[in-house]
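Welcome to my notebook. Here is what I looked up, entry by entry, so please follow along in the viewer.

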Amino acid sequence: MVGFSDSTLNLVLLILLGSGLMMVYSARVINALNWWTIQTVFVSLLLIAEGIHNDATEIIIFGILLLIAKAGIIPILLRRVLKTSRTVWVGEIFLKRAMSLVVAGGLTLLSYVITEPMLALHPSYRNGLAIAIALIFCGLLLMMTRKISMVQVLGVLLIDNGIFLAGFFLTQGMPLLVELGAAFDILVGVVIVGILSKQMLETYDSLNVDHMRSLKG
Amino acid sequence: MVNKESQSVRQLLMSISVALAAVGLVWGTFLISQGGEWIKTGWRFSTDAGAGLSLTWKMDGLTVFFLFILLLGQGLSSLYAVGYLKEYEEKKKSLVSFYVPWFLFLGSMVGVLLADDGFTFLLTWEMMSLFSFFLVLYEHDEPQNRKSAYIYLVMTHVATIFLFAATLFLQAKTGSFAFQEWANVVPSLSTIELNLIFVALFIGLGTKAGFVPFHIWLPYAHSAAPSPVSALMSGVMVKVALYLMIRLVWLTLGPGPVWWGWLFLIVGAFSAVVGILAASTQSDLKKLLAFSTIENVGILTMALGSAFLARSWNSSWAMDLAFIAFFWHTLQHMLFKTLLFMGAGNIIQATHTRNLERLGGLLRRMPKTGFAALLGIVGITALPPLGGFWGELMLFQSLWENTIHLSDGWSKVFLPLAIGILALVGGLSIATFVKWFGISFLGQARSPAAASAKESDPVQTMVPLVVGGLAALTVLWPAMTLALINLPLSVIRTGDVIGISSSAVGKPLLMSSVYLGVILLLTTVIVLLTKRATRKVTATWNCGAALTPSMQYTAGGITNPIRVLFAKVLGSRPKVKGDFAGTQYSLRSLTYTGSVKEVTEDIFIRPLIRGLLWSSAQVRKLQSGSIHLYLAYLLVTLVAVLILGS
């Protein structure tokens, strides 16, 4: 389907997985954000390449929109929040960086095992789907093992990329409306998180979610 | 001042309630006097409930008997309420939240009695629970009453879960809600299924009836409700639960194994003893009566147990005796408990306290209430001339009859034991009510409130006397009472139906009027003879000192021997503290603090609640408040679903 050879596709997938793992390994929030931006650029490029290959103008337009919204607006918004909150470190909890990378590797292996039966239909997308699931796992792991709410937002964004990729490889092009909706959804989500972070900063003077324990009834 | 308008509303609504009851009674009497097969086989009718469903109803002799009890209770309590509710009007408390649940409560009880299928039964049953809950909650200004109402609500709902289980199980087995269908399928059920259904019904209905250990709500709810409501709940509602025991267990589930009878007998005996022991140590006017209701439900359950045993052993003689005892005592207990709750209501309105330690000397100030209460006490303690005695006598005979008919050795040990327990309960109930009457009506006033008490409204003194008169009438004209009891008996008994009054079982009862007549005659003669003699009334001699209220028995003191004797069972913890003012001989003051607790509550209910709270706490640990943990649940779930799915 995609307009380039298998080796090129594998290279792109390697970059996607690698950036995901690097997000897990990042010590500074800003690094994780940068890795995520790189990943999103490549996801968008994948979509645009698909559009060019199929001569589908609307997919190309959508890819460009995705590039602008996700790789452009969201990083700017999040950077601003980071600057106002003066947050630097990701705040490891439960697992240190190295250990989380090991767990993330394990989860990647797990995702290969899990997707085995699903790939009986399309052996050539084996890597793509497995890596998509692996990204979802990495996102959840990231959310679980970091204290700063901004990292959790990045986790959600990582999961979103994973879901997008899974959809891309499984369905060969979801209805455009659904993809648009999903992209818009995450944009709105980030705006809400920006407001929430502001509230958290005002209330707790930090983005550490451990403070929210006091909200428990 | 009482608002004219609300006064007329009260009189109008309560008159409607009384009139409805009266019309029902007259119409019912007319229908029955016509006779007919329907008394035995039932007369069915149904209401369309929409969606192709209909609520089915059935009226037969058994229903008619309990409807009679209900309508009589309704009429008397409503009439009493005309006077009783005046106080709330004076306090400017809205009565709307009394009237609405009052009528709906009565209506739903009629519905429960008439229901002929599981769905209708559960619907009306839940309505009955809910509206009685609202009535208990009527005086919700006091936190104590709110607590009582909530205990009642929780217990009644837990019980209903069991009823739902039994009903839905039978529905799944038969594909129908109709009782008749259930009865047809029962023979094909396995023993385990049958026993499980029985246990579910026993717990579900037993909670409402107040079997120990499911009784804990009863003393709270019955004493927190306004007096007319207490009278209805104690007199009628617990009987509705017993009615369903007969309808669902006896008539639908059939004979069943022998242990059902034993269970009824043992739980009944246990309830009677626990109920009366708790009553004897109470110093709350209405709680004491509520505990006595538990005792009487226990006696009724023993009668049911005796009937079940007699059926298993094919002894129709003992079964008839047990059922006559059951229905006779049901009627009598309704009358006497209604009367006593009305008496308690009068005392509470006159003195504004329920604490016996603060009453005393009321007989001189409230003579009519006192006389009526005395009638009620003679009845409820089963003293000879009035009806309570005859019911318990029949029960004794039935138990004895069962003992003779026995082949199995265990029963020869246990049945006489049950007879002994019944005798013990009778004795304790006399002690209890001597205390209830003696402390509140006799002696000197123990508080200014009691000293300034005034006789109640004429309606409120007239109705208890009417109830007492009715109770005397049931004994004076036993043929009528037996004709009424014959109605349910003709449904329950299979085979030939002869009027009880002409059968050998009923003959001794016909003598009851003679005994009453003789005693009345003797009393009259004695009164007339002693009137001639010269009497001289002087002050009680007290070694020259003046009499003070503190010289008399206290409510705690009069039944202290019982408390000492049954210390283990009552969980009694007496503590006596003397202040010797530094010397060894002169005593300045002596303080006695004693407390009893409900041991059954400690044994059955508290561990249950503790277990429930513990498991809830375990589940609550999942909700730690940590976002990371919540996300971990998400990850684990996702991985698990993906692994399981592939």
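**Entry 1: helix 14 beside helix 20**

I began with the residues of helix 14 of chain B that meet helix 20 of chain B: Leu331(B), Gln332(B), Leu335(B), Phe336(B), Thr338(B), Leu339(B), Met342(B), Gly343(B) and Asn346(B) on one side, and Gln460(B), Val463(B), Pro464(B), Val467(B), Gly468(B), Leu470(B), Ala471(B) and Thr474(B) on the other. Contact here asks for C-beta atoms, placed from the backbone, within 7 Å. By class, I noted 10 nonpolar, 7 polar and no charged residues in this contact. Nonpolar covers Ala, Val, Leu, Ile, Met, Phe, Trp, Tyr, Cys and Pro, charged covers Asp, Glu, Lys and Arg, and the others, Gly among them, count as polar.

A note on the model: it is predicted, with local features needing pLDDT of at least 70 and side-chain atom pairs pLDDT 80 or more, while totals for chains, interfaces and linings use all residues. Residues are numbered from 1 along each chain as its sequence is written, and chains are lettered from A and ligands numbered from 1 in the order in which they are written.

Helices (H or I, at least four residues) and strands (E, at least two) are DSSP runs, numbered from the N terminus. Helix 20 spans residues 458-476 of chain B, and its axis is 9 Å from that of helix 14 of chain B, at an angle of about 160 degrees. Such axes are lines fitted to C-alpha atoms, for helices over the stretch in contact, with angles from 0 to 180 degrees between N-to-C directions. Therefore helix 14 of chain B is roughly antiparallel to helix 20 of chain B (under 35 degrees is roughly parallel, over 145 roughly antiparallel, 65 to 115 roughly perpendicular, the rest oblique).

**Entry 2: helix 14 beside helix 17**

Next I looked at helix 14 (residues 316-351) and helix 17 (residues 387-404) of chain B, whose axes come within 8 Å and cross at roughly 155 degrees. That makes helix 14 of chain B roughly antiparallel to helix 17 of chain B. By class, their contact has 11 nonpolar, 8 polar and 1 charged residues. Among the residues of helix 14 that take part I found Trp317(B), Trp328(B) and His329(B), and helix 17 brings Trp390(B) and Glu401(B), among others.

**Entry 3: two strands**

How many bridges join strand 3 of chain B to strand 4 of chain B? I found 5, and the two strands run antiparallel; pairing takes at least two DSSP bridges. One of the partnerships is Lys575(B) with Thr593(B). Strand 4 (residues 589-593) of chain B has 0 buried among its 5 residues, so it lies largely in the open. Strand 3 of chain B is hardly covered, with 0 of its 5 residues buried. Buried means 20 or more other C-beta atoms within 10 Å, exposed 12 or fewer, and partly exposed in between, with C-beta atoms placed from the backbone.

**Entry 4: two loop residues**

Leu547(B) sits in the loop between helix 23 (512-532) and helix 24 (555-558) of chain B. Leu547(B) counts as partly exposed because it has 13 C-beta neighbours inside 10 Å. Leaving aside residues up to four places away in sequence, Leu547(B) touches Gln444(B), Thr540(B) and Asn542(B).

Is Lys91(B) buried or exposed? Lys91(B) is exposed, with 8 other C-beta atoms within 10 Å.

Key:
Two residues are in contact if their C-beta atoms, placed from the backbone, lie within 7 Å.
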